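Take a look at the model below. We'll go through how its protein chains sit against a strand of DNA and how the two copies relate to each other.

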Protein chains: 2
Amino acid sequence: MANAKNDYPELLLENQLCFPLYACSKEIIRRYRPFLGELELTYTQYLVMLVLWERQSLSSKELGQALYLDSGTLTPVLKKLEEKGLLSRRRSGDDERNLIVSISEAGEELKHRAAHVPQSLASCVKLDADEARELYRLLYKFLGSL
Amino acid sequence: MANAKNDYPELLLENQLCFPLYACSKEIIRRYRPFLGELELTYTQYLVMLVLWERQSLSSKELGQALYLDSGTLTPVLKKLEEKGLLSRRRSGDDERNLIVSISEAGEELKHRAAHVPQSLASCVKLDADEARELYRLLYKFLGSL
DNA sequence: GATAATTCAATTGTGCGCAATTGGATTTTG
DNA sequence: CAAAATCCAATTGCGCACAATTGAATTATC
C-alpha cells in the first residue's frame, strides 16, 4: 500500500485552512459560554443583541445580512429574545413583508451587564495586540473574498 | 440618550474578533457543500474521513481530540459513516470502553474522488499564499492559546 | 480484593444553521 | 390593470454541537 501520509498531501488535516477556522470558532464560542450564561444568552442571541445595541431597530433581513444568518435561523432566535422581553417584533407599515426588530428597555439595560464580556474574553486569548489585529484583518479579507 | 455607537465601543460588532471567525467558518463550510455533496459527505463527515485517510485506524477518543468533537457529536456521525460502508466500528480488545474506528476499502476508494476538493476550494479563496500562511499560523497560535 | 474514583461511548435534550418550501405582499411586465 | 415574477418571514426537516447524564469497563486506593 502507498504511504497514506504522502499520496495526497493536500488531504492532510494539517494542510487545511478550513479546519483551524472551524476549530477556533467553536473554541472561542465555548469560552463565551460561561460569561453569556450569566446574561442568559446563547452566542447567537448575543450576536443579535450586539447588532441591536448598535442599531436599536432594523429589519430581520438587515439583521440576517449583518450576521450571515437566514430566516430559518433568525426566526426562532428572535422569537425567543422577544419572549425574554429584550426586543419587539412588528411588521413594517411600508411593506408588510418586512419584520422590524426593535430593542426594548430591558434590552438596553442588558447592555450595561454585557459591557465586561469582550474584556473578559480578551483575557482568555494569548495573542498580542499586533497579532490580533493582523488576524482580524486577514479574516475580514478572507470573508470579503468569499 | 447617550450615543449608542460610543458608550461601549468594545460591544460594536466590528470590534469583535469572534465574529469574523464565526462568519468565516460558516462561509467556508458553505463553499465546501457543493463539492462534498458530490461525495455524499457533510463537512463533519469529511473531517472524520480526512483523519481516517491519514491514520486508517484510531479510537473514537483520539478522533474526538483531533477534531475537537465529543462523543455526543461523533457517535451519530460515525454510525452514519458506518452505514455508508466507509468505516467500521468495533470495541478494543485491550479495553472494552474504547471504540476503534477503522477505514474500509470503500473509504479508501473515496479518497481518490476527494483528492480535488482542497484545490477546488482554494480557487474560491482570494488570499495570496503568504497571507494564507500567515492566517494559518495565527489561527493555530490562537487555538493553542485557548 | 473489595470499593471508590476514573474513563469511556452512548444517550438525552436544547439550540443553532441551513436548504427547501410555503404563502402572503409587493413589484414588474405585458 | 391583470398575470407573472420577485421578495419576504415563517415553517419543515436534517445534521451537527455540546452540556449533562448514564452505565459499563478499568484503574487506583485502601
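## Where protein meets DNA strand D

A polar side-chain atom of A:R97 sits 3.3 Å from a base oxygen of DNA strand D. That is a polar contact, meaning a pair of N or O atoms within 3.5 Å. Here it is alongside two others:

| Protein side | DNA strand D side | Distance |
|---|---|---|
| A:R97, polar side-chain atom | base oxygen | 3.3 Å |
| A:R91, side-chain N or O atom | sugar or linking oxygen | 2.8 Å |
| B:E96, backbone N or O atom | phosphate oxygen | 3.0 Å |

Before going on, note that this is a predicted model, where local features need pLDDT of at least 70, side-chain atom pairs count only at pLDDT 80 or more, and totals for chains, interfaces and linings use all residues. Residues are numbered from 1 along each chain as its sequence is written, chains are lettered from A in the order in which they are written, and side-chain values use heavy atoms, leaving out hydrogens and water.

So which residues come nearest to DNA strand D? Of the 29 around it (a heavy atom within 4 Å), they are A:Y22, A:S71, A:K79, A:R89 and B:T42. On the DNA side, sugar and phosphate make up 79% of the strand D atoms that come within 4 Å of the protein.

As for the two copies, a rotation of 180 degrees with 0.0 Å of shift along its axis puts chain A on chain B, with an RMSD of 0.0 Å; the fit is by least squares on C-alpha atoms of residues with pLDDT of at least 70 in both. The two copies are therefore related as by a two-fold rotation axis. Both use the same surface: 98% of chain A's contact residues (heavy atoms within 4.5 Å) recur in chain B.

Notes. A polar contact is a pair of N or O atoms within 3.5 Å; within protein, one must be able to donate a hydrogen and the other to accept it, and residues adjacent in sequence count only if both atoms are side-chain atoms.
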